[in-house]
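Here is a friendly tour of one protein chain, with an eye on its charged pairs and a few buried spots. Have the structure open and follow along.

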Amino acid sequence: MRGLGTTEAQVISLAKNTRLSPMAASISSIFVYPIKSCRGISLLQAPITATGFRWDRQCVVVNGKGRRACTQRVEPKLALVLVELPSEASIEDWEPTESSFMVLKAPGMNVLKVSLSKPHETLADGVSVWEWSGSALDEGDEASQWFSDFLGKPYRLVRFNTASETRPMDPKYAPGHKVLFSDMSPYMLLSQGSLDALNELLNNPNPINRFRPNILVDGCEPFAEDLWTEIKINNFTFQGVRLCTRCKIPTINQETGIASPEIGETLKSFRSDTILRPTQKRKGKVYFGLNIVWNDSLPVLDQGKGKVIEVGNLVYVLRKVSSANEAVG
């Protein structure tokens, strides 16, 4: 990594100020979701950016009329769309060539190849994701027909227009930070301990893909991540900005696209804001996981590595609150 001008005195000062805690966990899995609400890809490493892992939620399916984002909440069949990227895509600074494609597969459908290098000249105006609206880069008629045929309604595939658009996070939680097509934050972290604790309460234990994290960690107590307000991974500092609120998607079986209520009802029974945050304002929310941002403004202690996070990296807690009741929800 290029030097950031951090002096030895600054490094010592940073170490003293953060009072580094013992190792809390290690990364067991890394996931990216190139198309919002389609299948994720498990990686051994991933380049980090201010808006999330590279390739994460860069594309979204939108309806043919209002250009509103379509997710599994509306079309559960999106869970069946398998997405593949070139193996080189997880290498920092890799750039696609003319033979680089994002490959899509789904039951009953021919394979679709979406170019990763072809210039995008067609703009889709008025694309909206939650509160945000802007232009996006249309991936063309072939991709549109593929999704329309699979879902049975007119849809188009678009890519975030990073050249001219920005999508800020809610300033109440992370002023100055931005996302692409993610829901709440550039990164979502969850622990294996939390998943195991939930599965112990379920009749049918469920895999991690129901919850679509970017970073899965192991080695910590269940729900320890609720309390983390600042962590260090591979000498990069991340801020825990809010507990992750859960929607309908975890109820959807990612292998079949069929929803069942058990997960939602179980989570509500012990992970609702009424239970976790009894002295805070009730919002009717259910929490599972932690939304985090990369604090890229902080000095990087080890200047010899690139901006990459790997499976096996240790997670250190720099700051935390004492209970979920004190966390931001």
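## A long-range salt bridge

Let us start with Asp183, which pairs with Lys36 in a salt bridge whose closest N and O atoms are 2.6 Å apart. This pair joins distant parts of the chain, 147 residues apart: Asp183 sits in the loop between S14 and strand S15 (187–191), and Lys36 in the loop between strand S1 (23–32) and strand S2 (41–43). Please keep in mind that this is a predicted model.

The two partners differ in burial class. Asp183 has a relative accessible area of 30% and is partly exposed because that value falls between the 20% and 50% cut-offs. Lys36, at 5% relative accessibility, counts as buried. The pairing also belongs to something wider, as Lys36, Arg73 and Asp183 are linked in a network of salt bridges.

## Two further charged pairs

Asp141 and Arg156 form another salt bridge, with 2.8 Å between the closest N and O atoms. Asp141 lies in helix H2 and Arg156 in strand S12, so this bridge ties together parts that are 15 residues apart in sequence. Which end of the pair is buried and which is exposed? Asp141 is exposed, with a relative accessible area of 58%, while Arg156 is buried at 17%.

In a third pair, Arg271 meets Asp226, and their closest N and O atoms are 2.9 Å apart. Distant parts of the chain are linked here as well: Arg271 is in helix H4 (residues 262–271) and Asp226 in the loop between strand S16 (215–218) and strand S17 (228–233), 45 residues apart. Both Arg271 and Asp226 are buried. How many salt bridges are there in the model? The count comes to 13.

## Helix H2 and its cover

Helix H2 spans residues 141–151, and its buried residues are Ala143, Ser144, Trp146, Phe147, Ser148, Phe150 and Leu151. A reminder helps when reading that list: an α-helix has 3.6 residues a turn, so residues three or four places apart point the same way.

What covers the buried residues of H2? The cover includes strands S5 (59–63), S8 (101–105), S9 (112–115) and S12 (155–160). Just after the helix, Gly152 adopts a positive phi of about 80°.

## A buried histidine in a loop

His177 is found in the loop between strand S13 (167–168) and strand S14 (178–179). With a relative accessible area of 14%, His177 is buried because this is under the 20% cut-off. Setting aside neighbours within four places in sequence, His177 is in contact with Pro168, Met169, Val293, Trp294 and Asn295.

Technical notes:
Residues numbered from 1 in each chain as written. Predicted model: local features only at pLDDT ≥ 70, side-chain atom pairs only at ≥ 80, totals over all residues. Heavy atoms only, no water. Helix = DSSP H or I, 4+ residues; strand = E, 2+ residues; numbered from the N terminus. Buried < 20%, exposed > 50% of the residue type's maximum accessible area, 1.4 Å probe, protein only. Contact = heavy atoms within 4.5 Å. Salt bridge = Lys/Arg side-chain N within 4 Å of Asp/Glu carboxyl O.
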